[in-house]
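Here are my notes on the fold, written to be read with the structure open beside you. Shall we start in the sheet and work outwards?

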Amino acid sequence: MTDLRDLVAEELNLPVDPRASAMAVAIAAKHGAASRAVLFYGSCLREKQLDGLMLDFYLIVSDYGAAYDKRWLAVANRLIPPNVFYFEHDGLVAKYAVLSEEDFRRLTGPETSSVSVWARFAQPSRLAWAADEPARSRAIAAVARAAPTLLAAARPRSGEEPLALWRRAFTLTYSAELRAERKGRSGSVVDGDPERFERFTEPALAVARSIQPNGSWAWRRFEGKALSIVRLAKAAFTFAGGAEYIAWKINRHAGTNIQLKPWQQRHPLLAGISLLPRLLKSGAVR
(Lines give C-alpha, C1' and ligand atoms only; values in the text may rest on other atoms or scores of the structure.)
Protein backbone atom coordinates (compact mmCIF):
# COMPACT_ATOMS: atom_id res chain seq x y z
CA MET A 1 0.00 0.00 0.00
CA THR A 2 3.10 2.25 0.01
CA ASP A 3 2.47 3.81 -3.40
CA LEU A 4 -1.13 4.71 -2.59
CA ARG A 5 -0.22 6.04 0.84
CA ASP A 6 2.44 8.25 -0.75
CA LEU A 7 -0.11 9.64 -3.22
CA VAL A 8 -2.59 10.30 -0.42
CA ALA A 9 0.05 11.96 1.76
CA GLU A 10 1.14 14.18 -1.13
CA GLU A 11 -2.44 15.24 -1.83
CA LEU A 12 -3.38 15.82 1.80
CA ASN A 13 -0.30 17.99 2.32
CA LEU A 14 -1.09 20.34 -0.57
CA PRO A 15 -1.66 23.92 0.65
CA VAL A 16 -5.16 25.30 1.12
CA ASP A 17 -6.55 28.81 1.00
CA PRO A 18 -5.20 30.66 4.08
CA ARG A 19 -8.75 31.51 5.18
CA ALA A 20 -9.75 27.84 5.05
CA SER A 21 -6.61 26.97 7.00
CA ALA A 22 -7.45 29.59 9.64
CA MET A 23 -10.96 28.19 9.92
CA ALA A 24 -9.56 24.69 10.44
CA VAL A 25 -7.39 25.97 13.28
CA ALA A 26 -10.41 27.68 14.85
CA ILE A 27 -12.52 24.51 14.61
CA ALA A 28 -9.77 22.51 16.31
CA ALA A 29 -9.44 25.14 19.04
CA LYS A 30 -13.15 24.92 19.81
CA HIS A 31 -12.73 21.29 20.88
CA GLY A 32 -9.45 21.75 22.72
CA ALA A 33 -6.96 18.98 23.42
CA ALA A 34 -9.30 16.33 21.98
CA SER A 35 -8.71 17.68 18.45
CA ARG A 36 -6.33 15.56 16.39
CA ALA A 37 -6.82 16.60 12.75
CA VAL A 38 -9.02 18.74 10.51
CA LEU A 39 -9.66 17.69 6.91
CA PHE A 40 -10.97 20.09 4.26
CA TYR A 41 -12.94 18.48 1.43
CA GLY A 42 -15.72 19.07 -1.08
CA SER A 43 -16.35 21.38 -4.01
CA CYS A 44 -14.82 24.39 -2.23
CA LEU A 45 -11.37 22.83 -2.76
CA ARG A 46 -11.66 23.91 -6.39
CA GLU A 47 -12.95 27.42 -5.64
CA LYS A 48 -10.75 30.51 -5.50
CA GLN A 49 -13.53 32.72 -4.14
CA LEU A 50 -14.86 31.32 -0.85
CA ASP A 51 -17.20 34.15 0.15
CA GLY A 52 -20.84 33.10 -0.03
CA LEU A 53 -19.97 29.39 0.01
CA MET A 54 -20.23 26.88 2.82
CA LEU A 55 -16.94 25.11 3.44
CA ASP A 56 -16.84 21.44 4.45
CA PHE A 57 -14.56 20.00 7.13
CA TYR A 58 -14.13 16.84 9.17
CA LEU A 59 -12.75 17.23 12.68
CA ILE A 60 -11.03 14.10 13.95
CA VAL A 61 -10.87 13.82 17.74
CA SER A 62 -9.19 11.46 20.16
CA ASP A 63 -12.35 10.73 22.13
CA TYR A 64 -15.94 11.96 22.01
CA GLY A 65 -16.17 12.41 25.76
CA ALA A 66 -13.16 14.73 25.75
CA ALA A 67 -14.43 16.69 22.73
CA TYR A 68 -17.64 18.02 24.30
CA ASP A 69 -18.79 19.83 27.40
CA LYS A 70 -22.22 18.20 27.10
CA ARG A 71 -22.43 14.45 27.60
CA TRP A 72 -25.42 14.00 25.27
CA LEU A 73 -23.39 15.28 22.32
CA ALA A 74 -20.72 12.65 22.99
CA VAL A 75 -23.37 9.93 23.24
CA ALA A 76 -25.05 11.07 20.01
CA ASN A 77 -21.71 11.14 18.20
CA ARG A 78 -20.85 7.66 19.40
CA LEU A 79 -24.24 6.14 18.55
CA ILE A 80 -24.81 7.82 15.16
CA PRO A 81 -21.53 9.24 13.86
CA PRO A 82 -20.83 11.91 12.87
CA ASN A 83 -22.22 14.97 14.65
CA VAL A 84 -22.44 17.99 12.32
CA PHE A 85 -22.09 21.63 13.39
CA TYR A 86 -22.38 25.06 11.81
CA PHE A 87 -19.35 27.36 12.20
CA GLU A 88 -18.42 30.93 11.31
CA HIS A 89 -14.93 32.45 11.22
CA ASP A 90 -13.43 35.51 9.56
CA GLY A 91 -16.50 36.16 7.43
CA LEU A 92 -16.73 32.59 6.13
CA VAL A 93 -19.24 29.91 7.03
CA ALA A 94 -18.72 26.17 7.25
CA LYS A 95 -20.15 22.95 8.49
CA TYR A 96 -17.95 20.37 10.12
CA ALA A 97 -18.49 16.75 11.04
CA VAL A 98 -16.89 15.16 14.09
CA LEU A 99 -15.44 11.65 14.16
CA SER A 100 -13.06 9.91 16.55
CA GLU A 101 -9.80 8.57 15.15
CA GLU A 102 -11.16 5.06 15.69
CA ASP A 103 -14.43 5.72 13.87
CA PHE A 104 -12.68 7.60 11.06
CA ARG A 105 -10.44 4.63 10.35
CA ARG A 106 -13.36 2.19 10.54
CA LEU A 107 -15.68 4.26 8.31
CA THR A 108 -13.10 4.70 5.54
CA GLY A 109 -12.63 0.94 5.28
CA PRO A 110 -14.44 -2.10 3.87
CA GLU A 111 -15.68 -3.29 7.26
CA THR A 112 -18.54 -0.79 6.99
CA SER A 113 -21.26 -0.92 4.34
CA SER A 114 -22.17 2.74 4.91
CA VAL A 115 -20.76 4.74 2.00
CA SER A 116 -20.84 8.19 3.61
CA VAL A 117 -17.21 8.52 4.71
CA TRP A 118 -15.30 6.32 2.30
CA ALA A 119 -17.10 7.84 -0.70
CA ARG A 120 -16.10 11.36 0.39
CA PHE A 121 -12.49 10.55 1.13
CA ALA A 122 -11.97 8.62 -2.11
CA GLN A 123 -12.28 12.16 -3.51
CA PRO A 124 -9.60 14.88 -3.12
CA SER A 125 -9.18 16.34 0.36
CA ARG A 126 -6.60 18.31 2.33
CA LEU A 127 -5.20 17.93 5.82
CA ALA A 128 -5.73 21.52 6.87
CA TRP A 129 -4.51 21.05 10.44
CA ALA A 130 -2.93 18.29 12.56
CA ALA A 131 -2.08 18.27 16.25
CA ASP A 132 1.23 16.44 15.73
CA GLU A 133 2.98 13.94 13.47
CA PRO A 134 1.25 10.84 14.91
CA ALA A 135 -2.12 12.51 14.27
CA ARG A 136 -1.05 13.41 10.74
CA SER A 137 0.14 9.85 10.09
CA ARG A 138 -3.11 8.30 11.35
CA ALA A 139 -5.19 10.66 9.22
CA ILE A 140 -3.18 9.76 6.11
CA ALA A 141 -3.52 6.03 6.85
CA ALA A 142 -7.29 6.33 7.28
CA VAL A 143 -7.81 8.36 4.09
CA ALA A 144 -5.66 5.86 2.15
CA ARG A 145 -8.28 3.18 2.90
CA ALA A 146 -11.11 5.06 1.19
CA ALA A 147 -10.31 4.75 -2.53
CA PRO A 148 -9.66 0.96 -2.45
CA THR A 149 -12.87 0.48 -0.47
CA LEU A 150 -14.83 2.41 -3.09
CA LEU A 151 -13.35 0.56 -6.06
CA ALA A 152 -13.74 -2.85 -4.41
CA ALA A 153 -17.41 -2.10 -3.72
CA ALA A 154 -17.91 -0.99 -7.35
CA ARG A 155 -16.45 -4.30 -8.59
CA PRO A 156 -14.32 -3.22 -11.59
CA ARG A 157 -15.39 -4.66 -14.91
CA SER A 158 -13.09 -6.26 -17.43
CA GLY A 159 -11.79 -3.67 -19.89
CA GLU A 160 -13.42 -0.76 -18.03
CA GLU A 161 -11.59 2.52 -18.54
CA PRO A 162 -10.26 4.12 -15.32
CA LEU A 163 -12.37 7.27 -15.47
CA ALA A 164 -15.48 5.26 -16.37
CA LEU A 165 -14.86 3.09 -13.32
CA TRP A 166 -14.58 6.09 -11.01
CA ARG A 167 -17.70 7.72 -12.48
CA ARG A 168 -19.71 4.52 -12.06
CA ALA A 169 -18.38 4.05 -8.52
CA PHE A 170 -19.42 7.54 -7.44
CA THR A 171 -22.80 7.17 -9.15
CA LEU A 172 -23.38 4.08 -7.01
CA THR A 173 -22.45 5.92 -3.81
CA TYR A 174 -24.62 8.92 -4.67
CA SER A 175 -27.55 6.53 -5.08
CA ALA A 176 -26.91 5.21 -1.57
CA GLU A 177 -27.60 8.53 0.19
CA LEU A 178 -30.28 11.21 0.10
CA ARG A 179 -28.67 13.67 -2.29
CA ALA A 180 -29.72 17.16 -3.37
CA GLU A 181 -27.39 17.35 -6.36
CA ARG A 182 -28.48 17.45 -10.00
CA LYS A 183 -28.18 14.28 -12.05
CA GLY A 184 -24.62 13.90 -13.29
CA ARG A 185 -23.06 15.48 -10.22
CA SER A 186 -21.21 12.25 -9.41
CA GLY A 187 -19.47 12.37 -12.79
CA SER A 188 -18.41 15.97 -12.29
CA VAL A 189 -16.35 14.90 -9.28
CA VAL A 190 -14.13 12.91 -11.64
CA ASP A 191 -14.23 15.41 -14.49
CA GLY A 192 -13.07 18.18 -12.17
CA ASP A 193 -9.63 16.55 -11.90
CA PRO A 194 -9.36 13.54 -14.26
CA GLU A 195 -5.56 13.40 -14.04
CA ARG A 196 -5.80 12.87 -10.29
CA PHE A 197 -8.13 9.91 -10.69
CA GLU A 198 -5.93 8.44 -13.43
CA ARG A 199 -2.95 8.56 -11.04
CA PHE A 200 -4.89 6.93 -8.21
CA THR A 201 -6.40 4.10 -10.26
CA GLU A 202 -3.68 1.44 -10.30
CA PRO A 203 -2.41 1.96 -6.72
CA ALA A 204 -5.99 1.89 -5.42
CA LEU A 205 -6.90 -1.17 -7.50
CA ALA A 206 -3.81 -3.00 -6.26
CA VAL A 207 -5.23 -2.78 -2.74
CA ALA A 208 -8.87 -3.20 -3.78
CA ARG A 209 -8.18 -6.65 -5.27
CA SER A 210 -7.53 -8.01 -1.78
CA ILE A 211 -10.70 -6.49 -0.27
CA GLN A 212 -13.94 -8.35 0.30
CA PRO A 213 -16.70 -5.68 0.21
CA ASN A 214 -19.23 -5.63 3.04
CA GLY A 215 -22.85 -5.69 1.88
CA SER A 216 -24.69 -5.41 -1.43
CA TRP A 217 -25.63 -2.15 -3.15
CA ALA A 218 -29.28 -2.83 -2.40
CA TRP A 219 -28.41 -2.93 1.30
CA ARG A 220 -26.13 0.12 1.03
CA ARG A 221 -28.95 2.12 -0.57
CA PHE A 222 -31.42 1.12 2.14
CA GLU A 223 -28.95 1.73 4.96
CA GLY A 224 -27.58 4.94 3.47
CA LYS A 225 -30.93 6.63 2.94
CA ALA A 226 -32.15 5.58 6.39
CA LEU A 227 -28.98 6.92 8.00
CA SER A 228 -29.28 10.16 6.02
CA ILE A 229 -32.73 10.76 7.51
CA VAL A 230 -31.55 9.94 11.05
CA ARG A 231 -28.52 12.23 10.70
CA LEU A 232 -30.67 15.07 9.39
CA ALA A 233 -32.97 14.67 12.37
CA LYS A 234 -29.99 14.70 14.73
CA ALA A 235 -28.54 17.77 13.00
CA ALA A 236 -31.72 19.67 13.88
CA PHE A 237 -30.40 19.72 17.44
CA THR A 238 -26.71 20.36 16.69
CA PHE A 239 -26.77 22.58 13.62
CA ALA A 240 -27.64 26.26 14.07
CA GLY A 241 -29.77 27.41 11.14
CA GLY A 242 -30.24 23.79 10.09
CA ALA A 243 -33.49 24.33 8.18
CA GLU A 244 -32.07 27.31 6.29
CA TYR A 245 -28.97 25.30 5.39
CA ILE A 246 -30.99 22.36 4.10
CA ALA A 247 -33.08 24.69 1.92
CA TRP A 248 -29.95 26.50 0.66
CA LYS A 249 -28.23 23.21 -0.16
CA ILE A 250 -31.21 21.86 -2.08
CA ASN A 251 -31.78 25.12 -3.97
CA ARG A 252 -28.09 25.37 -4.92
CA HIS A 253 -27.65 21.81 -6.14
CA ALA A 254 -31.11 20.89 -7.41
CA GLY A 255 -32.10 24.21 -8.98
CA THR A 256 -35.23 24.56 -6.83
CA ASN A 257 -36.52 27.70 -5.11
CA ILE A 258 -37.64 26.53 -1.68
CA GLN A 259 -38.72 29.37 0.62
CA LEU A 260 -39.12 28.38 4.25
CA LYS A 261 -42.14 29.46 6.21
CA PRO A 262 -41.60 31.01 9.67
CA TRP A 263 -42.71 27.83 11.49
CA GLN A 264 -40.25 25.76 9.42
CA GLN A 265 -37.41 28.08 10.40
CA ARG A 266 -38.32 27.68 14.08
CA HIS A 267 -38.68 23.87 13.87
CA PRO A 268 -36.01 22.43 11.53
CA LEU A 269 -36.82 18.80 12.29
CA LEU A 270 -40.51 19.25 11.41
CA ALA A 271 -39.45 21.31 8.38
CA GLY A 272 -37.34 18.47 7.07
CA ILE A 273 -40.17 15.97 7.57
CA SER A 274 -42.67 18.25 5.86
CA LEU A 275 -40.40 18.95 2.88
CA LEU A 276 -39.16 15.40 2.26
CA PRO A 277 -42.19 13.90 0.43
CA ARG A 278 -42.36 16.83 -2.01
CA LEU A 279 -38.61 16.73 -2.62
CA LEU A 280 -38.59 13.00 -3.25
CA LYS A 281 -41.55 13.26 -5.64
CA SER A 282 -39.96 16.11 -7.59
CA GLY A 283 -36.59 14.40 -7.77
CA ALA A 284 -34.82 17.29 -6.03
CA VAL A 285 -33.61 14.77 -3.45
CA ARG A 286 -32.80 11.22 -4.51
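Which residue stands opposite Leu-55 in S4? That would be Ala-94. Keep in mind throughout that this is a predicted model.

1. The overall tally. The chain has 286 residues, and 53% of them count as buried. Its secondary structure comes to 15 helices and 5 strands. If you look at contacts between residues at least 6 apart in sequence, 72% of them join residues at least 24 apart.

2. The sheet. The 5 strands make an open sheet with mixed pairing, in the order S3-S4-S2-S1-S5. S3 and S5 (125-130) are the edge strands, each pairing on one side only. On average, neighbouring strands here are turned by 30° against each other, direction ignored.

3. Strand S4 and its two neighbours. S2 (residues 54-61) pairs with S4 in the parallel sense, over 8 bridges. Besides the Leu-55 and Ala-94 pair, Ile-60 has Leu-99 as its bridge partner in S4. With S3 (residues 83-89), S4 pairs in the antiparallel sense over 7 bridges, and there Glu-88 has Val-93 as its bridge partner. S3 and S4 form a hairpin with 2 residues between the strands, and Asp-90 in this hairpin takes a positive phi near 55°.

4. How enclosed is S4, then? Of the 9 residues in this strand (residues 92-100), 8 are buried, so S4 is largely enclosed by the rest of the structure.

5. The nonpolar core. In soluble globular proteins, nonpolar side chains tend to be buried together. Here the largest nonpolar core holds 80 residues, and those touching the most other members are Leu-39, Leu-55, Phe-57, Tyr-58, Phe-104 and Trp-166. Phe-104 is a nice one to click on: leaving out residues up to four places away in sequence, Phe-104 touches Leu-39, Ile-60, Leu-99, Val-117, Phe-121, Ala-139, Ala-142 and Val-143. Two of the residues on that list, Ile-60 and Leu-99, are the bridge partners from point 3.

6. Helix H4. Which residues of H4 (residues 71-79) are buried? They are Leu-73, Ala-74, Ala-76 and Asn-77. These cover an arc of only 165° around the axis, so they sit on the same side of H4. Arg-71 and Leu-79 are exposed on the other side of H4.

7. Helices H8 and H9. The axes of H8 (residues 146-154) and H9 (residues 162-174) come within 9 Å and cross at roughly 85°. That crossing makes H8 roughly perpendicular to H9. On the H8 side, the meeting residues are Ala-147, Leu-150, Leu-151 and Ala-154. Their counterparts in H9 are Leu-165, Trp-166, Arg-168, Ala-169, Phe-170, Leu-172 and Thr-173. Trp-166 should look familiar, as it was listed in point 5 among the core residues that touch the most other members.

8. Val-207, a last stop. This residue lies in H11 (residues 194-208). Is Val-207 buried or exposed? Its relative accessible area is 16%, and buried means under 20%, so Val-207 counts as buried. Val-207 and Thr-149 are 58 residues apart in sequence, while their C-alpha atoms are 8.6 Å apart in space.

Key
Residues numbered from 1 in each chain as written. Predicted model: local features only at pLDDT ≥ 70, side-chain atom pairs only at ≥ 80, totals over all residues. Heavy atoms only, no water. Buried < 20%, exposed > 50% of the residue type's maximum accessible area, 1.4 Å probe, protein only. Helix = DSSP H or I, 4+ residues; strand = E, 2+ residues; numbered from the N terminus. Pairing = 2+ DSSP bridges. Axes fitted to C-alpha atoms, helices over the stretch in contact; angles between N-to-C directions. Core = buried A, V, L, I, M, F, W, Y, C linked by side-chain atoms within 4.5 Å. Contact = heavy atoms within 4.5 Å. Arc of directions from axis to C-beta. Parallel < 35°, antiparallel > 145°, perpendicular 65-115°, else oblique.
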